[in-house]
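Hi there,

Here is the structure I promised to pass on. Have a look at it first, and then read on for what turned up.

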Amino acid sequence: MSDEQPPKIALITGSTSGIGLAIAERYAAAGFLVAMHGIETPDDIASKLEKIGANSRFKPVYFKANLDNEIESIELAQNVIRQ
């Protein structure tokens, strides 16, 4: 039996560039499983996910959602909780 705790998850909205990306990098380096969010396709940010994953215990996950859309916002939260 392992005493290892499940990772803490940090959802960082708008994390595909700028300040959001820098915050995602810091949380990953601090040992969080980073749930990144943006409006880009996963292919568009694959290199950023790879870079963050190289400096983290956990592989980051990415969710595309338009936060102006209520349904997509709710689904984003539900998908992160399932992690």
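A good place to start is Val61, which sits in strand 3. Please keep in mind that this is a predicted model. Leaving aside residues up to four places away in sequence, Val61 touches Leu33, Val34, Ala35, Met36, Leu49 and Gln83. Its C-alpha atom is 9.5 Å from that of Pro42, and the two residues are 19 apart along the chain.

Now for the sheet around that residue. Three strands make up an open sheet in the order 1-2-3, and their pairing is parallel. Strand 1 (9-12) and strand 3 (61-64) are the edge strands; each has a single partner strand, so one side of each has no neighbour in the sheet. From one strand to the next, the twist averages 20°. Four bridges join strand 2 (residues 33-38) to strand 3 in the parallel sense. If you want to find the pairing on screen, look for Gly38, whose bridge partner in strand 3 is Lys64.

Next, helix 1. This helix covers residues 18-29, and at 1.5 Å a residue its twelve residues should span 16 Å; the end C-alpha atoms lie 17 Å apart, which agrees. Which residues of helix 1 are buried? They are Gly20, Leu21, Ala24 and Ala28. Looking down the axis of helix 1, you will see the buried residues fall within an arc of 100°, so they line one face of the helix. The general rule helps here: an α-helix has 3.6 residues a turn, so residues three or four places apart point the same way. Among the elements that cover the buried residues of helix 1 are strand 1, strand 2 and helix 2 (46-54). On the face turned away from that buried side, helix 1 carries the exposed residues Gly18, Ile19, Arg26 and Ala29. Just after helix 1 comes Gly31, with a positive phi of about 100°.

Finally, helix 3. The twelve residues of this helix, 70-81, should span 16 Å at 1.5 Å a residue, and the distance of 17 Å between its end C-alpha atoms agrees with that. At the start of helix 3, Asn69 has a side-chain oxygen that comes to within 2.9 Å of the backbone nitrogen of Ile71.

Happy to go through any of this with you whenever it suits.

Best wishes

Methods
Residues numbered from 1 in each chain as written. Predicted model: local features only at pLDDT ≥ 70, side-chain atom pairs only at ≥ 80, totals over all residues. Heavy atoms only, no water. Pairing = 2+ DSSP bridges. Helix = DSSP H or I, 4+ residues; strand = E, 2+ residues; numbered from the N terminus. Axes fitted to C-alpha atoms, helices over the stretch in contact; angles between N-to-C directions. Expected span 1.5 Å × (residues − 1). Buried < 20%, exposed > 50% of the residue type's maximum accessible area, 1.4 Å probe, protein only. Arc of directions from axis to C-beta. Contact = heavy atoms within 4.5 Å. Polar contact = N/O pair within 3.5 Å; in protein donor to acceptor, adjacent residues only side chain to side chain.
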